[in-house]
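Subject: Handover of a structure and findings

Dear colleague,

I am handing over the structure below for your review. A summary of what was found in it follows, arranged by topic.

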Amino acid sequence: MAKRPVIWILNGPNLNLLGIREPEIYGNQSFDTYFRQLQSRYPEIDLHYYHSNHEGDLLDKLHEIGFSCTGIVFNPGAYTHTSIALADAVKAIESPVFEVHISDVSRREPFRQISYLRPYCSGHIMGEGLAGYDKAIRELLSLRK
Ligand code: DQA
């Protein structure tokens, strides 16, 4: 029997406030609600979700899952623009990582134009709202050999 794909969604700092935080940028829906929708949309996938506001926790999670899962959908929040450590972790692990941003960071402040992780990711999606996570799951599934 073919193995079930295992996909993790990792959200970084402040993304626990989705639905409350700057709704004009990030929308009105909480991530927990959206995640339940994703789980019912993809019953054939073992879909997991992890959030942390702490860089070290995100590093530990990448190390823990990054050598065994099918793929990782990663929204590192503001750490995108600052963290060489997370970039190194994405480079070090074996599972493909898709970088997702809810907003279109390319049209926002200059400090959001840098992503230290992007060179080591299998792709990125930005500015598609929460739907970007769904798209990234499909992209990761299509990478499977
Ligand atoms: C974000 C964009 C980042 O610049 C910001 O710091 C976030 C959210 C996004 O999903 O659009 O926290 O990653």
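I begin with a salt bridge between the side chains of R41 and D134, in which N and O are 2.5 Å apart. Please note from the outset that this is a predicted model. The pair connects distant parts of the chain, since R41 belongs to helix 2 (residues 31-41) and D134 to helix 5 (residues 131-142), 93 residues apart. The two partners are covered to differing degrees: R41 is partly exposed, with a relative accessible area of 41%, whereas D134, at 7%, counts as buried.

Further salt bridges

The structure holds 10 salt bridges. In another of them, R4 pairs with D46, and the closest N and O atoms are 3.0 Å apart. This pair also links distant parts of the chain: R4 lies in the segment before strand 1, D46 lies in strand 2 (residues 46-51), and 42 residues separate them. R4 is partly exposed at 42% relative accessible area, and D46 is likewise partly exposed at 29%. D46 has a further neighbour in space, V6, whose C-alpha is 4.7 Å from that of D46 although the two are 40 residues apart in sequence. V6 is placed in strand 1 and is partly exposed, with a relative accessible area of 23%.

A salt bridge within one helix joins K61 and E64, with the closest N and O atoms 3.2 Å apart. Both residues lie in helix 3 (residues 55-65), three residues apart, which is about one turn of the helix. K61 counts as buried because its relative accessibility of 11% is under the 20% limit. E64 is exposed because its 52% is over the 50% limit. Salt bridges with shared partners also join R41, D134 and R138 into one network.

The ligand

Which residues surround the ligand? They are P13, R21, Y26, N75, G77, A78, H81, H101, I102, S103, V105 and R112. This shell divides into five nonpolar, five polar and two charged residues. Side chains from the shell come within short distances of ligand oxygen atoms: an N or O atom of the H101 side chain is 2.8 Å from one, and an N or O atom of the S103 side chain is 2.6 Å from one. R112 places a polar side-chain atom 2.8 Å from an oxygen atom of the ligand. Taken alone, the ligand exposes 320 Å², and the protein buries 99% of that area.

Backbone and surface

Most residues other than glycine have a negative phi. N14, which is not a glycine, has a positive phi near 75°, and E22, also not a glycine, has a positive phi of about 30°. N14 is found in the loop between strand 1 (6-11) and helix 1 (23-26), and E22 is found in the loop between strand 1 and helix 1. N14 is partly exposed at 37% relative accessible area, and E22 is partly exposed at 35%.

Finally, I84, I114 and Y116 make a nonpolar surface patch of about 270 Å². One of these residues, I114, is found in the loop between strand 4 (97-101) and strand 5 (123-126). I114 is partly exposed, with a relative accessible area of 42%.

With kind regards

Definitions and conventions: Residues numbered from 1 in each chain as written. Predicted model: local features only at pLDDT ≥ 70, side-chain atom pairs only at ≥ 80, totals over all residues. Heavy atoms only, no water. Near = heavy atom within 4 Å. Polar contact = N/O pair within 3.5 Å; in protein donor to acceptor, adjacent residues only side chain to side chain. Areas by Shrake-Rupley, 256 points an atom, 1.4 Å probe, with all protein chains shown as cover. Nonpolar A, V, L, I, M, F, W, Y, C, P; charged D, E, K, R; others polar. Helix = DSSP H or I, 4+ residues; strand = E, 2+ residues; numbered from the N terminus. Buried < 20%, exposed > 50% of the residue type's maximum accessible area, 1.4 Å probe, protein only. Patch = residues over 30% accessible without salt bridge, like charges linked within 9 Å, V, L, I, M, F, W, Y side chains within 5 Å. Salt bridge = Lys/Arg side-chain N within 4 Å of Asp/Glu carboxyl O.
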